[in-house]
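Subject: Structure for you to look at

Dear colleague,

Please find the structure below, as agreed. My notes come after it.

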Amino acid sequence: MEKTESEKKSPVSDVGAWAMNVISSVGIIMANKQLMSSSGFGFGFATTLTGFHFAFTALVGMVSNATGLSASKHVPLWELLWFSIVANVSIAAMNFSLMLNSVGFYQISKLSMIPVVCVLEWIIHSKHYCKEVKASVMVVVIGVGICTVTDVKVNAKGFICACTAVFSTSLQQISIGSLQKKYSVGSFELLSKTAPIQAISLLIFGPFVDYFLSGKFISTYKMTYGAIFCILLSCALAVFCNISQYLCIGRFSATSFQVLGHMKTVCVLTLGWLLFDSEMTFKNIAGMAIAIVGMVIYSWAVDVEKQRNAKSTPHGKNSMTEDEIKLLKEGVEHIDLKDVELGDTKP
């Protein structure tokens, strides 16, 4: 996937963007666990909390644009609305999938995003993958599956929600890169345009979604200083998480983002064992080891594919469009043969 000018950075900044995404994602999971768990503050309103996240992100974007720290480029409103709808469907469907399905099936549905993203990129962008990349993806999926999937129970409503969540999330991640490339817009600029739309819609419909999930309205929740602190911390981490997600997909691809994203799963499992006394079995350790090996193989496979593509097209584009051929013919027809033979040039 080509990158916009604003995304063409050094390998060091690529690593920095990915590190920001891993750290902020793991941090927000830890903060939300404390905020939403029954042993913590019992704030069970996930969709509304996501609305708070995007409202906070939108505020940061407005301040950045107002102070001149970032520039606002034009993106058609209908594309922003379409993207926001897909993104919000992804959030709601993920919450419903977690509620209606077993943890095991929920994890399997998340793992299925990798092949779904690959198929969508093949359909939308005609992107092909070498056998090394396909093999490494399978290793990652198997490794993460071993350490996360437990009991697997399926029901009709849960299956439909899981399919909707997988498709909408995969389409959202591909759309981020497509919009950045299509309109030459940077990661933060695109995020600052979509965040207000997502914030408004989630804050309006989120409480009703949460009521359906938990049977309670957010207005009945008794706020404490501890809960407020966790909400603000979660919102602050969400800003970095959202920005880094757009940065990573703008720099890499939706498939790479999904594969490397499972590193966050490994980190969450490890931190859960260290901080929250979660169980760590041989099965977990073996699965994490296989997943990490798969990620290393994936990085190697991507480099092999890039080198192979570079060798097959050493001078860049080696084919011309019909318009270029037409212009070339017109140019030849207007060249004086005598001038060519003598090596003269007309003024």
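The notes start with the chain as a whole and then go through its helices and loops.

The model is predicted, not experimental.

Overall

The protein chain has 13 helices and zero strands. Its 347 residues include 45% that count as buried. If one takes the contacts between residues at least 6 apart in sequence, 85% of them join residues at least 24 apart. The accessible surface comes to about 19,000 Å², and carbon and sulfur atoms account for 69% of that area.

Helix α7 and the salt bridge

Helix α7 covers residues 156–183. Its 28 residues should span 40 Å at 1.5 Å a residue, and the end C-alpha atoms are indeed 40 Å apart, so the expected and actual spans agree.

How many salt bridges are there? The count comes to one. The pair is glutamate 79 and lysine 182, whose side chains meet at 2.9 Å, N to O. Glutamate 79 belongs to helix α3 (residues 77–100) and lysine 182 to helix α7, so the bridge ties together parts that are 103 residues apart in sequence. The two partners differ in accessibility: glutamate 79 is buried because its relative accessibility is 8%, under the 20% limit, whereas lysine 182 is exposed, with a relative accessible area of 54%.

The loop between α7 and α8

Serine 184 follows α7 and is found in the loop between α7 and α8. What is notable about its backbone? Serine 184 has a positive phi of about 50° although it is not a glycine. For background, most residues other than glycine have a negative phi. Serine 184 counts as partly exposed, at 41% relative accessibility.

Helix α8

Helix α8 (residues 187–214) also has 28 residues, but here the span falls short. A straight helix of that number of residues would span 40 Å at 1.5 Å a residue, while the end C-alpha atoms of α8 are only 34 Å apart. Where does α8 bend? The bend is at phenylalanine 205, by about 45°, and proline 207 follows within four residues. Glycine 215, just after α8, takes a positive phi of about 80°.

Threonine 194 is also in helix α8. Is threonine 194 buried or exposed? Threonine 194 has 0% relative accessibility and therefore counts as buried. Apart from neighbours within four places in sequence, threonine 194 is in contact with Leu80, Phe83, Ser84 and Tyr246.

The loop between α8 and α9

Phenylalanine 217 lies in the loop between α8 and α9 and is partly exposed, at 30% relative accessibility. Which residues does phenylalanine 217 touch, not counting those up to four places away in sequence? They are Phe45, Pro207, Phe208 and Tyr211. The proline that follows the bend in α8 is thus one of the residues in contact with phenylalanine 217. Phenylalanine 217 and proline 207 are ten residues apart along the chain, and their C-alpha atoms are separated by 6.3 Å.

The nonpolar patch, α2 and α9

A nonpolar patch on the surface is formed by Phe56, Val60, Met223, Tyr225, Ile228 and Leu232, with about 600 Å² of accessible area together. The elements that give two or more residues to the patch are α2 (46–66) and α9 (225–251). Which element gives the largest share? That is α9, with three residues.

One of the patch residues, phenylalanine 56, is placed in helix α2. Phenylalanine 56 counts as partly exposed, with 31% relative accessibility.

Leucine 233 lies in helix α9 and is partly exposed, with a relative accessible area of 34%. Leucine 233 and glycine 27 are 206 residues apart in sequence, yet their C-alpha atoms are 9.3 Å apart in space.

Points to look at

If you have time for only part of the model, I suggest opening these places:

- the bend of about 45° in α8 at phenylalanine 205;
- the salt bridge between glutamate 79 and lysine 182;
- serine 184, with its positive phi;
- the nonpolar patch, including Phe56 and Met223.

Regards

Definitions and conventions. Residues numbered from 1 in each chain as written. Predicted model: local features only at pLDDT ≥ 70, side-chain atom pairs only at ≥ 80, totals over all residues. Heavy atoms only, no water. Expected span 1.5 Å × (residues − 1). Bend = angle between axes of the 7 residues up to and from the residue. Buried < 20%, exposed > 50% of the residue type's maximum accessible area, 1.4 Å probe, protein only. Contact = heavy atoms within 4.5 Å. Areas by Shrake-Rupley, 256 points an atom, 1.4 Å probe, with all protein chains shown as cover. Patch = residues over 30% accessible without salt bridge, like charges linked within 9 Å, V, L, I, M, F, W, Y side chains within 5 Å. Salt bridge = Lys/Arg side-chain N within 4 Å of Asp/Glu carboxyl O.
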